[in-house]
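This report describes selected features of one model, moving from a metal site to a helix and then to aromatic contacts. The sequence and structure are shown first.

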Amino acid sequence: MERPSRLLLVSELRVRNSAYDVSLSRSLLTWKRRTSSPVYHPFRPSVCHSVSVSEIISVREEEEENGCKDDGSWKKINEREGKDCRQAFTVLHVERCPQHRWRCAEVSFTCPEAALCQRWVTGIREQLAAIASRPKQLLVYINPYSGKQHGKHIYEQKVAPLFALAGVTTHVIVTEHANYARDHLRTEAELKKFDGVVCVGGDGMFSEIIHGLIWRSQVDGGVDPNCADESLLPSSLRIGIIPAGSTDCICFATVGSNDPVTSALHIIVGDSQPMDVCSVHHNNTFLRYSVSLLGYGFYGDVLTDSERKRWMGPARYDLSGVKMFLTHHYYEGTVSYLPARGIMGTPRDASRCRSGCVICQHNGRLISKKAERYQMDEETDREGEGEWKTIRGKFLAINAASMSCACPRSPKGLSPAAHLADGTTDLILVRKCSRFDFLRHLLRHTSKDDQFDLNFVEVHRVRRFCFTPRHCQSDSDLDLRENGKHQIFGQICRNHPACGCAPAYSSWNCDGEILTHTAIDVRVHSNLIKLFARGIEEPTVFDDLTNPCAI
Ligand SMILES: CCCCCCCCCCCCC/C=C/[C@@H](O)[C@H](CO)NC(=O)CCCCCCCCCCCCCCC
Ligand SMILES: Nc1ncnc2c1ncn2[C@@H]1O[C@H](COP(=O)(O)OP(=O)(O)OP(=O)(O)O)[C@@H](O)[C@H]1O
Ligand SMILES: [Ca+2]
């Protein structure tokens, strides 16, 4: 438990006409109602509140109702005499609500004299200014076409007023076309001027931001993004997500809700959540980065089909989901993977990645130590990496979840025990099975039952994997897709005598974007980016124990 730090200010102030003992330390603002009688009174318990200084949004000076605000003459006299008549101040702070939502609450304190009020306002502001992790200047990108096309409205109505309250200045850019934000970050944006980047949109918009930022870090640091074996340089700017998209799984899995106000408050208080990023290559050519789902088969087909229905908004995924479920295509290929060795945690754990996750911290340290060794002696560590495993088969879906992928459609996600920053991804292989069995598997994403506890599903925690579709043993699968229709239909006729129309290839869904190649090499880069988030918080059951008033 945190040791109570030295008190900076202690006064008797009034809150809603009751007397309170108010104190300020470097970490806490506390107000405790004064009791006139020392005798225990069951109907009037001693009321004690506290708010962490790190969760104070701002402090506002108020004017005393009967002194200044209502009576202009008083104000004039006071101003002439050089006196400050402000005797009350309001503290705006984070308040926790159900479902991991945060709200901005306020409490007003009335002081016996203006000078004392000033001391309190200055004292609190000094503490806030000393928090180095809070952003002061943000670069904001808004996708006006995300989700239900409410991005601009959400930002203007719910987020901008909070940034203004907290004294955060912004440079806002409304994107004009796809990849506008990515290209602006790559080439134009003066990143030195900012403490973070905010994206207002969905997972696709977030993907644009990380592509811009990661690319920029590699170019600035002389790293070749096309080389799959290179260790990537982390980006120093944190990213905030104001959810306005269709799935918003990155926001949901890092904050616990898809609520713009909650996200804005996490940005203001300067939270920081590291995250793993997968790099995806084809033949040593960089394709894309992924932080959530890389899915071949079912999720690739759902995405391909849903892109034609963009006009429907978020419902397009459900419609395409039902369609692809009924279509029931399976695909043949070979998956090779490098199991994550020596790490804490497995994909079948009952525990979840939560705020301050010990598994992420432990594995993050382990992996960075391994990376140091790798730099010292490349060969030794390659042996120490362990053995590649290979699985050949027919699959309905091949999914790699670098985090849980929790979202409102599936609050526990594709891989409920996956971690945000443990340097691994969970490789989920769903083998060919009946429609009924696949439905059982899908349904378990929405219930307490384990979606991996089925004999046609396997899951492995890995550091790296490769996939090669059947008939793609050479490096030219793209050419084959474009020019080799006869070969593809040849395979269909042999393997699907009953339906004759199933394609030989699916596509990879990479965080909601279709990849141009099917043979891919995927590598996890531990802790490559940071978000303005803190992971999902556990509900504080024993709140009183952490409250100094209870001690
Ligand atoms: C019967 C109910 C079963 C419900 C099963 C729900 C499982 C949902 C799992 C969602 C996983 C989302 C992973 C996140 C991926 C993001 O990087 C990406 C970009 O935003 N989103 C999508 O690709 C968007 C992917 C959206 C996928 C939606 C799939 C919907 C499946 C519906 C199947 C219905 C079968 C009904 C049979 C009668
Ligand atoms: N001004 C724009 N016009 C058209 N497309 C844009 C624009 N700005 C960004 N985009 C593209 O729109 C696509 C979808 O954006 P976004 O991810 O924000 O919303 P979504 O698809 O509704 O949500 P989700 O990704 O959560 O499912 C992204 O691929 C992005 O590159
Ligand atoms: Ca991970």
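## Calcium site

Ser402 counts as buried, at 2% relative accessibility (buried means under 20% relative accessible area, exposed over 50%, and partly exposed in between, with a 1.4 Å probe and protein chains only). His419 is likewise buried, with a relative accessible area of 2%. The model is predicted: local features need pLDDT of at least 70 and side-chain atom pairs count only at pLDDT 80 or more, while totals for chains, interfaces and linings use all residues. Residues are numbered from 1 along each chain as its sequence is written, chains are lettered from A and ligands numbered from 1 in the order in which they are written, and side-chain values use heavy atoms, with hydrogens and water left out.

The calcium ion (ligand 3) has as protein donors Asp276 (OD), Ser402 (O), His419 (O), Asp422 (OD) and Thr424 (O), at 2.3 to 2.6 Å. Ser402 and His419 both lie in the loop between strand 16 (389-401) and strand 17 (425-431), so this pair ties together parts that are 17 residues apart in sequence. Donors are N, O and S atoms within 2.8 Å of the metal (3.2 Å for Na, K and Ca); water is not among the atoms, so sites may look incomplete. Along the chain, the donors of this ion follow the spacing D-x125-S-x16-H-x2-D-x1-T.

## Annotated domain and helix 6

An unreviewed UniProt entry carries the annotation "domain: DAGKc" for residues 133-284; such annotations may be inferred rather than shown by experiment. Over residues 133-284 the chain is 39% helix and 22% strand, with the end C-alpha atoms 37 Å apart. Helices (H or I, at least four residues) and strands (E, at least two) are DSSP runs, numbered from the N terminus.

Helix 6 (residues 203-221) reaches 27 Å from its first C-alpha to its last, close to the 27 Å expected at 1.5 Å a residue (1.5 Å times one less than the number of residues). Of its 19 residues, 14 are buried. Gly222, just after helix 6, takes a positive phi of about 70°.

## Aromatic contacts

The count comes to 14 aromatic pairs, where rings of Phe, Tyr and Trp (its six-membered ring) pair if their centres lie within 6.5 Å; planes under 30 degrees apart count as stacked, over 60 as edge-to-face and the rest as tilted. Trp31 and Phe109 form an edge-to-face pair, 5.5 Å centre to centre with 90° between the planes. This pair links strand 3 (residues 28-33), which holds Trp31, to strand 7 (residues 101-110), which holds Phe109, 78 residues apart. Both Trp31 and Phe109 are buried.
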